[in-house]
Amino acid sequence: MNAEQSPQPQSPQHLPAPRRGADWMFGGVYGTVLASGLLAALDQKPYTPFYDASWVAVTAAAAAAAHGYSHHMASHRDGSVGRRWRILARALWNEWPMIAATLPTVLLLVLAGLIGWESYGVTAVGLGLNTALLFAWGSFVAIRVGYRLRSALLIGLADATIGLAIIVANAVIK
């Protein structure tokens, strides 16, 4: 092993870097898929859009916390208690794209509650919106990390396919 291949020791003060590039896509896609699945599943009688919005938000926060915590535990490093807490805080903060990606669904449900929009229409619009957002997340981040336009659009289409699968599953299950 030459010097270029050996791992570089990290200083005790070094914290993991904030997520960038493709990691945004991971959080964005994960959060959007989570919101779509919850939107499809939270169809109860009587229809309660504010309740549904709160559950999408709470579930997104819990999933982000669990994901950040599991990353922290999987990459445990020695150091002071204060340093470990700072690393945990950074790992949790790095999950913001997952929570942000659920906000369009949360806002749609709040709007539905304010204007009295029926469950079927909200679910259809929300799943369509989230499928478009999956396409946008994939395409935008692919371009940002260096893919050419055609490849980026194909990546966006692959991401949108997840949304389409949720729409099909929702139609078949209901």
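Trainee: Which helices each supply at least two residues of the lining of the largest pocket?

Mentor: Helix 5 (119-144) and helix 6 (149-173) do. Keep in mind that this is a predicted model. Helix 5 gives the most, with five residues.

Trainee: What else describes the largest pocket?

Mentor: Its space is about 190 Å³. The lining includes Asp 43, Lys 45, Tyr 120, Leu 127, Ile 167, Asn 170 and Lys 174. By class, the lining has five nonpolar, three polar and three charged residues.

Trainee: What makes Tyr 120 count as nonpolar there, and Asn 170 as polar?

Mentor: The classes are fixed lists. Tyr is on the nonpolar list, and Asn falls among the others, which count as polar.

Trainee: How do you know that helix 6 has close to its expected span?

Mentor: Compare two values. Helix 6 has 25 residues and reaches 36 Å from its first C-alpha to its last. The expected value at 1.5 Å a residue is also 36 Å.

Trainee: Which residues of helix 6 are buried?

Mentor: Among them are Ala 152, Gly 156, Asp 159, Ala 160 and Gly 163. Ile 166 and Asn 170 are buried too. Each therefore falls under 20% relative accessible area. Across the 174 residues of the chain, 33% count as buried.

Trainee: How many aromatic pairs are there?

Mentor: The count is one aromatic pair. The rings belong to Tyr 51 and Trp 55, with centres 6.5 Å apart and planes at 65°.

Trainee: Why is the pair of Tyr 51 and Trp 55 called edge-to-face?

Mentor: Centres must lie within 6.5 Å, and planes over 60 degrees apart count as edge-to-face. The centres of this pair are 6.5 Å apart and the planes stand at 65°, so it is edge-to-face.

Trainee: Where do Tyr 51 and Trp 55 sit along the chain?

Mentor: Both are in helix 2 (residues 49-74). They are four residues apart, so about one helical turn separates them. An α-helix has 3.6 residues a turn, so residues three or four places apart point the same way.

Trainee: Are Tyr 51 and Trp 55 partly exposed or buried?

Mentor: Partly exposed. The band runs between 20% and 50%. Tyr 51 is at 42% relative accessibility, and Trp 55 is at 37%.

Trainee: How many residues are in the largest nonpolar core?

Mentor: Twelve, including Ala 35, Leu 38, Val 56, Leu 108, Leu 127 and Ile 166. Helix 1 (22-41), helix 2, helix 4 (96-115) and helix 5 each supply at least two residues of this core. Helix 4 has the largest share, four residues.

How values were computed. Residues are numbered from 1 along each chain as its sequence is written. This is a predicted model: local features need pLDDT of at least 70, side-chain atom pairs count only at pLDDT 80 or more; totals for chains, interfaces and linings use all residues. Side-chain values use heavy atoms; hydrogens and water are left out. On a 1 Å grid over the protein atoms alone, a cavity is a set of points where a 1.4 Å probe fits but cannot get out, and a pocket is an open set with protein on both sides within 12 Å along at least five of seven lines; lining residues have an atom within 4 Å of a point. Grid points are joined across faces, edges and corners, and a volume is the space filled by probe spheres set on the points. The expected span of a helix is 1.5 Å times one less than its number of residues. Buried means under 20% relative accessible area, exposed over 50%, partly exposed in between (1.4 Å probe, protein chains only). Rings of Phe, Tyr and Trp (its six-membered ring) pair if their centres lie within 6.5 Å; planes under 30 degrees apart count as stacked, over 60 as edge-to-face and the rest as tilted. A nonpolar core is a set of buried Ala, Val, Leu, Ile, Met, Phe, Trp, Tyr and Cys residues joined through side-chain atoms within 4.5 Å.
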